[in-house]
Amino acid sequence: MNFENVLIEKKDSLAIITINRPSKLNALNKLTIEELHRAFKTLEEDNLVKVIVVTGSGEKAFVAGADISEFANFNVNQGTELAREGHELLFNFVQNLNTPVIAAINGFALGGGLELAMAAHFRVASTNAKMGLPEVSLGVIPGYGGTQRLPQLVGKGKAMEMIMTATMISAEEAKEYGLVNYVVEFEELLPLCEKLASKIARNSSIAIAAAIEAINANYTNCVNGYSVEIEQFGVSFGTEDFKEGTTAFLEKRKPNFN
Ligand code: COA
């Protein structure tokens with residue numbers, strides 16, 4: 001795959017996507033969003049990839065937001081289209097992937113950067129990370145899912161405060177809020193993600209994909225998460241992985257999933 005702003009590295013069943021535009025603090029311009037879409041899509045289609053980690057290049061930023069220089073002159077229609085296209089190509093796309101995605105937040109995760117991290121299935125941060133949705137300081141609102149996913153993760157009150165004040169929170173505060181699962185030293189960030197990925201990779205990919213769908217359903221309007229859970233629970237019973245997982249348990253051995 002040939003990209004200008006995205007790097008992909010594979011380590012066994014783990015793939016690491018690095019957003020690589022450090023001179024602009026990895027800000028998401030149109031090209032980067034398109035490249036990320038292609039990168040995630042290609043890795044999702046690769047059966048050997050069991051977990052994807054997304055991170056930013058350098059020690060300063062995960063992603064410092066959508067590229068302000070690209071949309072500063074947009075009108076209402078262009079603004080609407082920007083958000084709609086972003087949702088489709090990247091943010092909803094990542095949330096709904098069957099392959100688990102971990103965001104490794106290695107520095108500033110602001111605006112679209114935090115929104116990308118929130119679209120991932122869960123988040124890990126380094127101690128130097130800073131997170132926020134500063135859009136209202138630019139006279140706009142979060143447009144890549146931030147108004148929906150932030151309250152889901154931190155609760156309505158904290159989300160209101162973060163969005164209204166447009167201020168950044170530290171990695172430790174983010175952990176306290178439930179926005180990130182772990183905070184570790186910068187050097188430990190990718191090793192921890194690799195450890196988590198190897199735990200995930202031991203489990204049934206089919207069951208994980210079904211769990212992602214069921215968990216996400218609770219956060220999708222007009223879809224009853226409990227119904228999707230019941231449906232996906234039943235579907236699991238028809239899979240080879242379910243047979244192997246339960247048989248292995250009963251035979252007191254480790255399962256061998258494909
Ligand atoms: N869009 C476009 N360019 C961005 C950017 C963004 N969201 N964030 C950073 N950059 C660019 C800067 O313009 C600068 O480019 P230049 O060297 O060509 O002038 C470069 O990245 C480095 O950023 P700089 O502001 O000089 O770094 P800093 O250490 O002084 O400040 C931040 C870091 C993150 C506090 C600051 O860059 C910032 O506030 N960025 C915007 C955050 C934001 O509002 N995001 C939401 C967008 S909706």
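**Entry 1: R84**

I began with R84 in this predicted model and located R84 in helix α3, which spans residues 76-95. I then asked whether R84 is buried or exposed. Neither word applies: the relative accessibility of R84 is 45%, so I recorded R84 as partly exposed, since the intermediate class runs between 20% and 50%. I also looked up R84 against G145 and found that 61 residues separate the two in sequence. In space, their C-alpha atoms are 10.0 Å apart.

**Entry 2: the chain as a whole**

I next turned to the secondary structure and noted 11 helices and 10 strands in the chain. For the overall dimensions, I read a radius of gyration of 19 Å, while the globule rule gives 18 Å for 258 residues. The two values are close, so I entered the chain as being as compact as a globular protein of that length. Along the principal axes, the C-alpha atoms occupy a box of roughly 60 × 40 × 35 Å. I also noted the burial figure: 45% of the 258 residues are buried.

**Entry 3: nonpolar cores**

Which residues touch the most other members of the largest nonpolar core? I found F40, I105 and M131 in that role, within a core of 49 residues. Apart from this core I noted another, made of 15 residues. Its members include V51, V184, L192 and I200. As background, I recalled that nonpolar side chains tend to be buried together in soluble globular proteins.

**Entry 4: the ligand shell**

I then examined the surroundings of the ligand and recorded 16 residues around it. The closest of these are K24, K60, A64, A66 and I68. Sorted by class, the shell holds 10 nonpolar residues, two polar ones and four charged ones. Which secondary structure elements each supply at least two residues of the shell? I identified α2 (68-71) and β6 (108-110).

**Entry 5: polar contacts and cover of the ligand**

Finally, I went through individual atom pairs. For K60, I noted a polar side-chain atom 2.5 Å from an oxygen atom of the ligand. For A64, the partner is a polar backbone atom, which lies 3.0 Å from a nitrogen atom of the ligand. For A66, I recorded a backbone N or O atom at 2.9 Å from a nitrogen atom of the ligand. How much of the accessible area that the ligand has on its own does the protein cover? I entered 59% of 860 Å².

Technical notes: Residues are numbered from 1 along each chain as its sequence is written. This is a predicted model: local features need pLDDT of at least 70, side-chain atom pairs count only at pLDDT 80 or more; totals for chains, interfaces and linings use all residues. Side-chain values use heavy atoms; hydrogens and water are left out. A residue is near a molecule or strand if one of its heavy atoms lies within 4 Å of it. A polar contact is a pair of N or O atoms within 3.5 Å; within protein, one must be able to donate a hydrogen and the other to accept it, and residues adjacent in sequence count only if both atoms are side-chain atoms. Accessible areas come from the Shrake-Rupley method with a 1.4 Å probe; for residues, only the protein chains shown count as cover. Helices (H or I, at least four residues) and strands (E, at least two) are DSSP runs, numbered from the N terminus. Ala, Val, Leu, Ile, Met, Phe, Trp, Tyr, Cys and Pro count as nonpolar, Asp, Glu, Lys and Arg as charged, and the others, Gly among them, as polar. A nonpolar core is a set of buried Ala, Val, Leu, Ile, Met, Phe, Trp, Tyr and Cys residues joined through side-chain atoms within 4.5 Å. Buried means under 20% relative accessible area, exposed over 50%, partly exposed in between (1.4 Å probe, protein chains only). The radius of gyration is taken over C-alpha atoms; the globule rule is 2.2 Å times the number of residues to the power 0.38.
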